[in-house]
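Open your viewer and set the backbone to a cartoon view. Keep the selection box handy, and let's walk through a few stops together.

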Amino acid sequence: MPLVSRLGTTPVKGTALHHPQTVTVTDNGVLENRRFHLVDAQYRLYNGKQHGPLVRLTAEFDADSPHLRLRFPDRPSVEGRAADLGEAVCTDFYGRDVDGHLVEGPWSAALSDFVGEEVHLVAVDRPGDAVDVHPVTLISSATIEHLRRVTPDGGPLDHRRFRMLVEVDGCDVHEEDTWAGRRVRIGGATVHVVGPVPRCVVTNENPDSGVVDFNTLKAIVRYRGELATDLSTPVAHLPDNGAVILGMYATVEQPGEIALGDRVELLDETAVQPA
């Protein structure tokens, strides 16, 4: 039986992941996850694609206070109430508009100093909106381990490179791909698996330093983009649009709590086979 083996969230998009014991999934995902994001001077989305070392920052947020702390690797932490909001902004999240407000306080100045250019901290108006496309992402640990095994010098392929919400043990390699179009119960929540996650250059960055140290995208393409000659080999083609894919997106059908060790159960009988 597949079980939840790891959860990954962060209150500020692009910063270091936390690995909580439990998360509460709402209709719009995990509300503490990516509660804030950064924009540049032109109010365009700014994340690990623009500055990988953002992962060296640890963000801690208490929504009840609401209190935000940013821990920097080479300078004092910056913290305070994150309830004073300024100018309204609308950020383009890969073709999807996300409404928010600039956060008043010390954070934007400290972040600008850290990254070396003007950036602003934004609080989303609707918690859960600042994910890439869909509120839930999931991957099996077997898939990540397989990628390591088939990739020369694949040791650097730390699971954190993929920044997934849910990681599952007890699956076959790429078994999660067959869940496309199916409902899956994960602990107390039920999700509808939509399709594969296109990967970006952030996966090339070391999850501790943010420095590019491995061509993860090339490693995925090397074995997923080629026709399998051995039908027992778990290889799937890339989509027609050429996206580099690993892991799956899902939407939330039934909100609930997900905890480490929770069972992952398929609720639909019809499987969608990998392309």
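Select T178: in which loop is T178 found? Look between β12 (166-169) and β13 (183-186), since the loop between those two strands holds T178. Before you zoom in, keep in mind that this is a predicted model.

**Around T178**

Turn on the surface at T178 and you will find a buried residue, with a relative accessible area of 15%. T178 counts as buried because that value lies under the 20% cut-off. Now add M248 to the selection. T178 and M248 lie 70 residues apart along the chain, and their C-alpha atoms are separated by 9.8 Å.

Next, pick A130 and draw a C-alpha to C-alpha distance to T178. This pair is 48 residues apart in sequence and 27 Å apart in space.

**The loop between β10 and β11**

Stay with A130, which is found in the loop between β10 and β11. Is A130 buried or exposed? A130 is buried, with a relative accessible area of 0%.

Select D125 as well, which sits in the loop between β10 (119-124) and β11 (136-140). In contrast to buried A130, D125 is partly exposed, at 44% relative accessibility.

**A negative patch**

Keep D125 highlighted and add D92, D97 and D99. Together, these four residues form a negative surface patch.

Move on to Y94, in the loop between β8 (85-93) and β9 (96-103). Check the backbone here: Y94 is not a glycine, yet its phi is positive, at about 55°. Y94 is partly exposed, with a relative accessible area of 41%.

**Two more backbone stops**

Another positive phi awaits at R34, where the value is near 55° in a residue other than glycine. You will find R34 in the loop between β2 (22-25) and β3 (36-40). How accessible is R34, buried or exposed? R34 counts as buried, at 8% relative accessibility.

Then jump to S65 and P66, which are joined by a cis peptide bond with omega of about -15°. P66 belongs to the loop between β5 (58-62) and β6 (67-71).

**Last stop: cysteines**

Finally, display the cysteine side chains. How many disulfides does a search of the whole structure find? The search finds zero. Two cysteines to click on are C90 and C171: C90 is partly exposed, with a relative accessible area of 42%, whereas C171 is buried, at 10%.

Technical notes:
Residues are numbered from 1 along each chain as its sequence is written. This is a predicted model: local features need pLDDT of at least 70, side-chain atom pairs count only at pLDDT 80 or more; totals for chains, interfaces and linings use all residues. Side-chain values use heavy atoms; hydrogens and water are left out. Patches are made of residues with over 30% relative accessible area and no salt bridge: like charges are joined within 9 Å, nonpolar side chains (Val, Leu, Ile, Met, Phe, Trp, Tyr) within 5 Å. Accessible areas come from the Shrake-Rupley method with a 1.4 Å probe; for residues, only the protein chains shown count as cover. A salt bridge is a side-chain nitrogen of Lys or Arg within 4 Å of a carboxyl oxygen of Asp or Glu. Lys and Arg count as positive and Asp and Glu as negative; His and the chain ends are not counted. The place of a charge is taken as NZ of Lys, CZ of Arg, CG of Asp or CD of Glu. Helices (H or I, at least four residues) and strands (E, at least two) are DSSP runs, numbered from the N terminus. Buried means under 20% relative accessible area, exposed over 50%, partly exposed in between (1.4 Å probe, protein chains only). A disulfide is a pair of cysteine sulfur atoms within 2.5 Å.
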